[in-house]
Structures are given as structure tokens and as C-alpha cells.
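Student: Please give me a close look at one part of this structure. Start from a single side chain and work outward into its surroundings.

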Amino acid sequence: APPRIYYDLMQGSDEWHAARCGLLTASEMHHIITPTLKPAKNEKMRAHAFDLLAQRLTGYVEPSYISDDMLRGNDDEIDARALYVQKYAPVREVGFIERYFGDFRIGYSPDGLVGEAGTIECKGRRAKYQIGTIVSGEMPQEYVVQVQTGLLVSGRKWCDFISYSGGLPMAVYRVAADDEVHEAILMAAAAFEQFIAEAEREFAARVSAFHPT
């Protein structure tokens, strides 16, 4: 199915949280797939599965803690996007993208769309990480799954990964869509959704045992 784009949804709004409720998303994909791109079978995966199942059962997303680091990162991301527009290309901001893959959906909140084929992913970083990223000459491995999930969901061909830290030069690395990584992501997502379905059946059975009719 083609991606569905929510153009007018403001990221962080109640409507945005409602659109994401219970949904596996690009930013959380690291919970369900290992660094070697295998489906995760660990406590981190189970905790995320139970979190999403709780959201699906209640229709409620519990508020998460926002640290000083996250606030600084958010400010950096706004500055980075403005600098990218100034130096590279116009960016269209959208709220949310979701896409059906057979029996399940995956969501993605892009930092922006570029032309007809591109996206951007902005990361506000601490100075030491920014220097390390510039020295390495490439996007850090820790962001591969998030960026590739975004490309899979949006159906776009490339992402400009923007690494930014106020007071240091901005780094921009173009990452192409990778079919092999997309296949691994879909395998992990299918296994994850199967785990949630089994957990939901077990939950219902246990609850009925607590309250026999």
C-alpha cells in the first residue's frame, strides 16, 4: 500500500500522539531489531511490545520524561533544518507518515521531505559526538535502522542525515534506501507483531480466568 501522509499534523500535539498510539514507529525500531539486523528476542523488545499493547488496549500514550538533553537537541534540530534550507534545499515539514505492510502498519515522523525523492533526519548532538561524526565521515551506525525505516515507510529514495551541534560545523551525509535492510526491518516487524498478538491472546485468557462468568 502507498504511504499515507498527514501533512497538517503538528508533531507533539494530541492529534499526533493519537495517530501514533499503539503503532510501531521508526524512532522505536531499535527496540525490536538487533544491530546485526535480526529480530530481537530480549527484555527490551518485550517491554516495547507490552507498551504498545497497553496503548492499543487503552487508547492512551503515557507521557515520557523530557530531559535537558532532549530539549537542547530539539532546539538544535530546528536550527539544523533552517541551516539545511539555507545551504542545500527547500524542506516541506509534515506531521506523520504511516504505511500498511500486509497485516501491520509502521509509522514515521520525518523531520522534513525534500523534493519528490528525499527526506531529512536532523540530530542535535553533544559536541564530542559531532566531532566524532565529522571525523568518521559517515552517519553513525546507531541511526541506520531509524533512517532506513523512514525510507521504507515514506517510499523515498534517499535521506540527508543532518548532524548538528551549536557552535560546530554541520555535517550532512546522504543515505540511499537499502532493500536488504528494509527486508530485515519487515521481518523483525512481522515477528514483533506476532509476539504482540500472542501476548494479547494470553492477556485476554488470563483476565477471563480472573473474572469467570
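Tutor: Start with Arg20, which is buried yet has no salt bridge. The nearest side chain of opposite charge is Glu28, 4.8 Å away. A salt bridge needs a side-chain nitrogen of Lys or Arg within 4 Å of a carboxyl oxygen of Asp or Glu, so Glu28 at 4.8 Å does not give Arg20 one. Keep in mind that this is a predicted model.

Where does Arg20 sit? Arg20 is in helix H1, which covers residues 14–20. What does Arg20 touch, leaving aside its neighbours within four places in sequence? The contacts are Thr25, Ser27, Gln55, Phe96 and Ser109.

Some of those contacts lead to a sheet. This open sheet has 4 strands in the order E1-E3-E4-E2, and its pairing is mixed. Strand E1 (4–6) and strand E2 (24–25) stand at the edges, each with a single partner strand, so one side of each has no neighbour in the sheet. E2 is joined by 2 bridges to strand E4, residues 104–108, and the two run parallel. Within that pairing, Leu24 stands opposite Ile106 of E4. Helix H6, residues 179–210, packs on this sheet. H6 touches E2, E3 and E4, and its direction makes about 120° with that of E4.

A second helix belongs in this picture. Helix H5, residues 144–154, lies across strand E3 (96–101) and E4. Its angle to E3 is about 75°. H5 also meets H6: they pack at an angle of about 90°, with axes 10 Å apart. H5 is therefore roughly perpendicular to H6. Which residues make that contact? From H5 come Val145, Gln148, Thr149, Leu151 and Leu152. From H6 come Val181, His182, Ile185 and Leu186.

How covered is H5? It is mostly covered, with 11 of its 11 residues buried. Among them are Val144, Gln146, Val153 and Ser154. The buried residues of H5 pack against E3, E4, E6, E7, strand E8 (171–176) and H6. Just after the helix, Gly155 takes a positive phi of about 75°.

Take one residue of H5 as a probe. Val147 lies in this helix. Is Val147 buried or exposed? It is buried, because its relative accessible area is 3%, and the cut-off for buried is under 20%. Leaving aside neighbours within four places in sequence, Val147 is in contact with Glu121, Met139, Cys159, Phe161 and Val175. Val147 and Thr119 are 28 residues apart in sequence, yet 9.3 Å apart in space, C-alpha to C-alpha.

Thr119 takes us to another sheet. This open sheet also has 4 strands, in the order E5-E6-E7-E8, with mixed pairing. Its edge strands are E5 and E8, each pairing on one side only. From one strand to the next, the twist averages 30°.

Look inside this sheet at strand E6, residues 118–124. E6 is mostly covered, with 6 of its 7 residues buried. Strand E5, residues 112–114, pairs with E6 in the antiparallel sense over 3 bridges. Two of the residue pairs can be named: Gly112 has Ile120 of E6 as its bridge partner, and Leu113 has Thr119 of E6. The hairpin of E5 and E6 has 3 residues between the strands, and Gly115 there takes a positive phi near 55°.

What joins E6 to strand E7, residues 158–164? There are 7 bridges, and these strands run parallel. One bridge pair is Gly118 with Trp158 of E7. Strands of a sheet pair through backbone hydrogen bonds, either parallel or antiparallel. E6 takes part in both senses: antiparallel with E5 and parallel with E7.

One more helix touches this second sheet. Helix H4, residues 127–136, lies across E7 and E8 and runs at about 55° to E8.

Now put the path together. Arg20 is buried without a salt bridge, and its contacts include Thr25 and Phe96. H6 packs on the E1-E3-E4-E2 sheet by touching E2, E3 and E4. The buried residues of H5 pack against strands including E3 and E4, E6 and E7, as well as H6.

Note on methods
Residues numbered from 1 in each chain as written. Predicted model: local features only at pLDDT ≥ 70, side-chain atom pairs only at ≥ 80, totals over all residues. Heavy atoms only, no water. Buried < 20%, exposed > 50% of the residue type's maximum accessible area, 1.4 Å probe, protein only. Lys, Arg positive; Asp, Glu negative; His and termini not counted. Contact = heavy atoms within 4.5 Å. Pairing = 2+ DSSP bridges. Axes fitted to C-alpha atoms, helices over the stretch in contact; angles between N-to-C directions. Parallel < 35°, antiparallel > 145°, perpendicular 65-115°, else oblique.
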